[in-house]
Amino acid sequence: MGTVSHLHPIRVRTAWISDVHLGFRGCSADLLLDFLRSVECDQLYLVGDIFDVWNMKKGLYWPQAHNNVIRTVLGKAKHGTRVVYIPGNHDEVFRDFDGMLFGNVEIRREAVHETRDGERLLVLHGDEFDSVMQCSPWLARLGSHAYDALLYLNGWVNRLRRRLGLGYWSLAGYLKHRVKNAVNYISDFEQVVVHEARRREGDGIVCGHIHHAEISEFDGVRYLNCGDWVESHTALVEHHNGQIELLHWRELLAQRDAGLLTAPKAVAS
């Protein structure tokens, strides 16, 4: 998308983003840049698959907007924001640097975040609880290629929709909600990661991986999924009053451009 004027800064205690997939043509780097420049936070968690090393092995794709994302994140780290980078499966090569500091960015295999209200939230990418990833890595990579093809088709669909004056629509997101196996996969994933948070006596878990943004609760344990910046363009934020909300950034910008927003407000989750 083209350059857009920024909303008034959103000042929050914490922000979480995941599944950016820099180095992949489907990455919505311009939308992410607008989010990063519009949000001021004390802590920023990068919850895995920030880089798509899998895709870069097939051929380098790295436009200026992807550089700008990195520069903006490093700028935040330089000017007082605590930035924690937790690599995922697509950027797992960086897991070898667990515990190290690069440009004021902490690299961690996982983290525990304490909210304003004293809740302990386990923060990790989530691929370690994906049965397909653990049992059939080759099938996971095959699925990744199929997903790339689906996103390519999604691009053509949305180009046609723009010509018809229609808004953005996610074909992949639609199929996730309609195909029984996909729905079961998401449900199983949620149950497994919540079980892990409970096992560690945590109050909740923040993750990514499955590109399905969600805030929910299972038997007193909070499940918080950041979503992604390929399809859903979502982020989690913790406000200074302790409330955690899910921001759908593309929807917020569309509302603002239509004159429905004068200041950023979180979409109810």
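**Exercise 1. State what share of the protein's residues is buried.**

Solution. Buried residues make up 51% of the 269 residues in the protein. Buried here means under 20% relative accessible area, computed with a 1.4 Å probe and protein chains only. This is a predicted model, in which local features need pLDDT of at least 70, side-chain atom pairs count only at pLDDT 80 or more, and totals for chains, interfaces and linings use all residues. Residues are numbered from 1 along each chain as its sequence is written, and side-chain values use heavy atoms, with hydrogens and water left out.

**Exercise 2. Describe the surroundings of strand β2.**

Solution. Step 1: locate the strand. β2 spans residues 39–46, and six of its eight residues are buried. Strands are DSSP runs of E with at least two residues, and helices are runs of H or I with at least four.

Step 2: find its partners; two strands pair if DSSP finds at least two bridges between them. β1 (residues 10–17) runs parallel to β2, joined by seven bridges; I17 has L46 as its bridge partner. Strand β3 (residues 82–85) is also parallel to β2, through four bridges, and L44 stands opposite V83 of β3.

Step 3: add the connection. Together with helix α1 (residues 29–38), β1 and β2 make a right-handed β-α-β unit: with the strands pointing away from the viewer, the path from the first strand over the helix to the second runs clockwise.

**Exercise 3. Place H239 and list what it touches.**

Solution. Step 1: H239 lies in the loop between β11 (234–238) and β12 (244–248).

Step 2: leaving out residues up to four places away in sequence, H239 touches V12, R13 and E245, where contact means heavy atoms within 4.5 Å.

Methods
Buried means under 20% relative accessible area, exposed over 50%, partly exposed in between (1.4 Å probe, protein chains only).
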